[in-house]
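User: I'd like a close look at one topic here: cavities, pockets and whatever lines them. Please walk me through it in plain bench language.

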Amino acid sequence: MSATAAVHSLWTIAADPIAKIDAPKIEYGQLAPTLIVVGAALVGVLVEAFVPRKSRYHTQMFVSAVALVAAFAAVVALAADGYATTKAGIAAMGAIAVDGPALFLQGTILLTALVGLFTFAERRLDPEAHGNRVDSFAAQAAAVPGSDSEKRAVKAGFTTTEVFPLLLFAVAGMLVFPAANDLLTLFVALEVLSLPLYLLCALARRKRLMSQEAAVKYFLLGAFASAFTLFGIALLYGYAGSMSYATIAQVVDGTVPEVTPALANTMGNDALLLIGAALLVMGLLFKVGAVPFHMWTPDVYQGAPTPVTGFMAAATKVAAFGALLRLLYVVLPGLRWDWRPVMWGVAIVTMLAGAIVAITQTDIKRLLAYSSIAHAGFILAGVIAATPSGISSVLFYLAAYSFVTIGAFAVVTLVRDAGGEATHLSRWAGLGRRSPLVAAVFAVFLLAFAGIPLTSGFAGKFAVFKAAAEGGAVPLVVVGVISSAVAAFFYIRVIVLMFFSEPRPEGPTVAVPSPLTMTAIAVGVAVTVVLGVAPQYFLELAGDAGVFVR
């Protein structure tokens, strides 16, 4: 056949009438919370481009707050309409699950982000620079630390208002992450939530080199974790021939309706399944900060701007545990006997390492970082229960933990000296005598972290350990109680330092914040006390929301 004839035959094949391509069916109402946040983030980018510099801060603040409130209202409306229970289903052509756990976690993330937004917008803690109020973020992110261009930016009163759309993009990824119903959506959500956080970590106004170092560490280790996740996704796809959670679960169980010859070849290959699942779970354990994937946590928490640390510590954990729960309970329930022993080991090492290493810390932000690692271990105990009460206890713990964390980091922003935040523990000596109210509030948060009765931390730990014991993991509960006792030592040590040490004459001052940070701290205290004194309603709410759609 001549070349002309070949081309002609190709052209005629291409010109044949082809089957009609169906338009994708998208349930916009069910995806409203995520769409509102993404839309507001895009508006925020346009604000940076077109709104005069003087008006940007207030415009961004308004857009972000309205978006988060509207998205939360959409979550509540969906839950009230029955999407958490009877109407739960799969939206966006199988990509997103709209069910109880997804809506509960999305609501928690949105409220956490709203409280975090208040700490981002705080502008009264530092003294004014050249007549301009300053926030926690670099005057000009692109300027080299200490350079003339940075000094000019500070003098001109520039502020990095891009942090608001970055916050919203991160929240958008976090909303999709626990609701993803196929592996591709999971990976896209992971990247959408991670990339803004890498940038936010590098934007501290004080200690900029330390902040940039934290961001580079987080980025490099996060890239490794993403690569593991992607490789795991590829192997699971090779095993099951599908990205869909339901199909993979059917192939794992051996209940798949139609077995093609190609699928029959890979179904018998358990190595693909086990290695793929292990790599995927590894990527998620990195995000929750479980040992041995925790190395980034203390450095990043210490180096990032404190408002970012608070938001990241709270919201990322909620999203990542939501995704981990869905993966283990929806995709891999058929592998329960394989993943439970591994998770036992991870949970035990995480609880003990977090609690023991925290004792040696001298920096308050590093201490809270190791405390968050220990908490990841406690939450894993609930995940391991593999029962409905396990799911609801994890949901409750995440909600309780996130507000305590943001409140604690908001208090850390108030204790300052000439160099900015005074995070070294020795600087907190005698704080209770210098500023009794701030020290008392911080003590409440520390007692909640320690799991003392009448705080949300006690109710959360009790629920998680009870579920683990009922699920047959009694030795895990024993280790958890021992770890809690060890952890209580260093929390109470800080309280003793604040109230029973002599204040130093050259000690730090406690800045008077604007109503924004006051609100963030007040919400943290209120949630801590309410969930501790009367947790029953919220435990029932988490119980009602604890059923995954399959």
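Analyst: Let's start with helix H12, where Trp296, Thr297, Pro298, Val300, Tyr301 and Gly303 are buried (under 20% relative accessible area, with exposed meaning over 50% and partly exposed in between, using a 1.4 Å probe and protein chains only). Keep in mind that this is a predicted model, in which local features need pLDDT of at least 70 and side-chain atom pairs count only at pLDDT 80 or more, while totals for chains, interfaces and linings use all residues. Residues are numbered from 1 along each chain as its sequence is written, and side-chain values use heavy atoms, with hydrogens and water left out.

So H12 is mostly covered, with six of its eight residues buried. The cover over those buried residues includes helices H7 (183-201), H8 (208-240), H11 (270-288), H13 (306-331), H15 (364-384) and H16. The element names are DSSP runs numbered from the N terminus: helices are H or I with at least four residues, strands are E with at least two.

H12 (296-303) also helps wall off the largest cavity: this helix and strand S4 (420-421) each supply at least two lining residues. A cavity is a set of points on a 1 Å grid over the protein atoms alone where a 1.4 Å probe fits but cannot get out; a pocket is an open set with protein on both sides within 12 Å along at least five of seven lines; lining residues have an atom within 4 Å of a point. The structure holds six cavities of 30 Å³ or more, and the largest contains about 240 Å³ of space. Volume here is the space filled by probe spheres set on the points, which are joined across faces, edges and corners. There are 19 lining residues, and Arg206, Lys207, Thr306, Lys365 and Glu421 are the closest to the centre. By class, the lining has four nonpolar, seven polar and eight charged residues. Ala, Val, Leu, Ile, Met, Phe, Trp, Tyr, Cys and Pro count as nonpolar, Asp, Glu, Lys and Arg as charged, and the others, Gly among them, as polar.

Glu421 deserves a stop of its own. This residue is found in strand S4, and Glu421 counts as buried because its relative accessibility is 18%. Leaving out residues up to four places away in sequence, Glu421 touches Lys207, Thr306, Lys365, Val412, Thr413, Val415 and Arg416 (contact means heavy atoms within 4.5 Å). The side chains of Glu421 and Thr306 share a polar contact of 2.5 Å, the term being for a pair of N or O atoms within 3.5 Å; within protein, one must be able to donate a hydrogen and the other to accept it, and residues adjacent in sequence count only if both atoms are side-chain atoms.

On to the second largest cavity, at about 60 Å³. Its lining includes His375, Tyr397, Tyr401, Phe449 and Ser456. H16 gives the largest share of that lining, four residues. By class there are six nonpolar, three polar and no charged residues.

As for pockets, the largest has a volume of about 580 Å³. Phe72, Phe104, Thr108, Phe538 and Leu541 are the closest to its centre out of 23 lining residues, and H4 brings the largest share, six. The class split is 18 nonpolar, four polar and one charged.
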